[in-house]
Amino acid sequence: MTLPALHNTSVLYRRILSQFPQDISLAFAYGSGVFKQHGTSQGQMEKNMLDFVFAVDDPVTWHTMNLLQNRKHYSILKLLGPTVISSIQNDHGASVYYNTLVPVDGRIIKYGVISTDSLIDDLIHWKTMYVAGRLHKPVRLLVQSESRKLRAALVANLKSAVTASFLMLPESFTEEDLFLQIAGLSYAGDFRMVIGEDKSKVANIVKDNIQHFRILYSNILRDCPQVVYKPHQGKLEVDKSPEGQFTQLMALPRTLQQRITKLVDPPGKNRDVEEILLQVAQDPDCGTVVQQGLWKTVSYSSKKLMKMWKGGRRKPSVSQMS
């Protein structure tokens, strides 16, 4: 399954993409330079930086080729060569290496490079939820390989976003409530939302893009046995019984389950995950526990990324990292 209706073949994106090595398994553009946000004019939007993520099967080879084509994009780390750059990419931050403040075709862009394997791992398990979180929201999909594994991981990530959001919402809610919850998942615990970002950022993302969210999630909602979806009314009712919440908790990505169990299980008890999640499912504060688990996941990767940026010449501002 291809992410539905998110392809964009505009000349601008194709021209930018053509200036990079073409061995890319997934490429997408995202952020305020790509999708209009509430309160932003078209003129302001066109001045915003364009953000990209490229997933590549072989980061060393890709960086080798990109250093030949676009050496000026890199910070002083280019002197250490593609193997070291790839090592930094894989072992630090959120397994993404960013070049930022790059002028291309009259626009300023930043682009992150992640290995396809690391991307799939994040989509399925939410180890950092950094790229997975970006893919919870609408993106302009520019390249997608035929890999069944990658396609399945992209869909699994969207289903996980729905499931986690169900656990934090009341029994009845609107489509907009759901999309606000989904859009906010990757900002839980993000230091940027404390020290620099507009506090209405999540609402601004959703307000002018309801239809894009609907395209992403409508089929998942229709097929989900845990919810009654009334698309014509824009309303949903989710199963909040202990049995229903247990089913949802068991469907969460592995890393989030682990964060939740660490929050609930006292050291030394060593109960199995299923037993702990059954306890959480019966807790009136189940949604709060899930939210705390998300906070732990996002804050961990957010802090690691900030440490990685400190060594680079092209250190971005807080807003440029969003």
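# A guided tour, beginning at helix H5

Select helix H5, where the buried residues are Thr116, Ser118, Leu119, Ile120, Asp122, Leu123 and His125; here buried means under 20% relative accessible area, exposed means over 50%, and partly exposed lies in between (1.4 Å probe, protein chains only). The helix spans residues 116-125, and because seven of its 10 residues are buried, H5 is largely enclosed by the rest of the structure. Helices (H or I, at least four residues) and strands (E, at least two) are DSSP runs, numbered from the N terminus. Step on to Trp126, just after H5, and you will find a positive phi of about 55°.

Before going further, note that this is a predicted model, in which local features need pLDDT of at least 70 and side-chain atom pairs count only at pLDDT 80 or more, while totals for chains, interfaces and linings use all residues. Residues are numbered from 1 along each chain as its sequence is written, and side-chain values use heavy atoms, with hydrogens and water left out.

**The negative patch.** Next, select Asp23, Asp57, Asp58 and Asp117, which form a negative surface patch. Patches are made of residues with over 30% relative accessible area and no salt bridge, like charges being joined within 9 Å and nonpolar side chains (Val, Leu, Ile, Met, Phe, Trp, Tyr) within 5 Å. Accessible areas come from the Shrake-Rupley method with a 1.4 Å probe, and for residues only the protein chains shown count as cover. Lys and Arg count as positive and Asp and Glu as negative, whereas His and the chain ends are not counted; the place of a charge is taken as NZ of Lys, CZ of Arg, CG of Asp or CD of Glu. Within the patch, centre on Asp58, which lies in the loop between strand E2 (50-56) and helix H3 (59-70) and counts as partly exposed because its relative accessibility is 35%.

**Salt bridges.** A salt bridge is a side-chain nitrogen of Lys or Arg within 4 Å of a carboxyl oxygen of Asp or Glu, and by this rule the count comes to seven. Go to Lys110 and Asp51, whose closest N and O atoms are 3.0 Å apart in one such bridge. This pair links distant parts of the chain, with Lys110 in strand E4 (residues 107-115) and Asp51 in strand E2, 59 residues apart. Lys110 counts as buried at 1% relative accessibility, and Asp51 counts as buried at 6%.

Then select Glu237 and Lys230, whose side chains meet in a salt bridge of 3.1 Å, N to O. Glu237 is partly exposed, with a relative accessible area of 34%, and Lys230 counts as partly exposed at 29%. Move on to Asp265, Arg271 and Glu275, which are linked in a network of salt bridges; Arg271 and Asp265 have their closest N and O atoms 2.8 Å apart, and Asp265 counts as buried at 13% relative accessibility.

**Contacts across the sequence.** Select Leu26 in strand E1 (residues 26-30), a residue that counts as buried at 0% relative accessibility. Leu26 and Glu146 are 120 residues apart in sequence and 9.8 Å apart in space, C-alpha to C-alpha. Finish at Asn70 in helix H3, which is buried with a relative accessible area of 9%; Asn70 and Phe20 are 50 residues apart in sequence and 7.8 Å apart in space, C-alpha to C-alpha.
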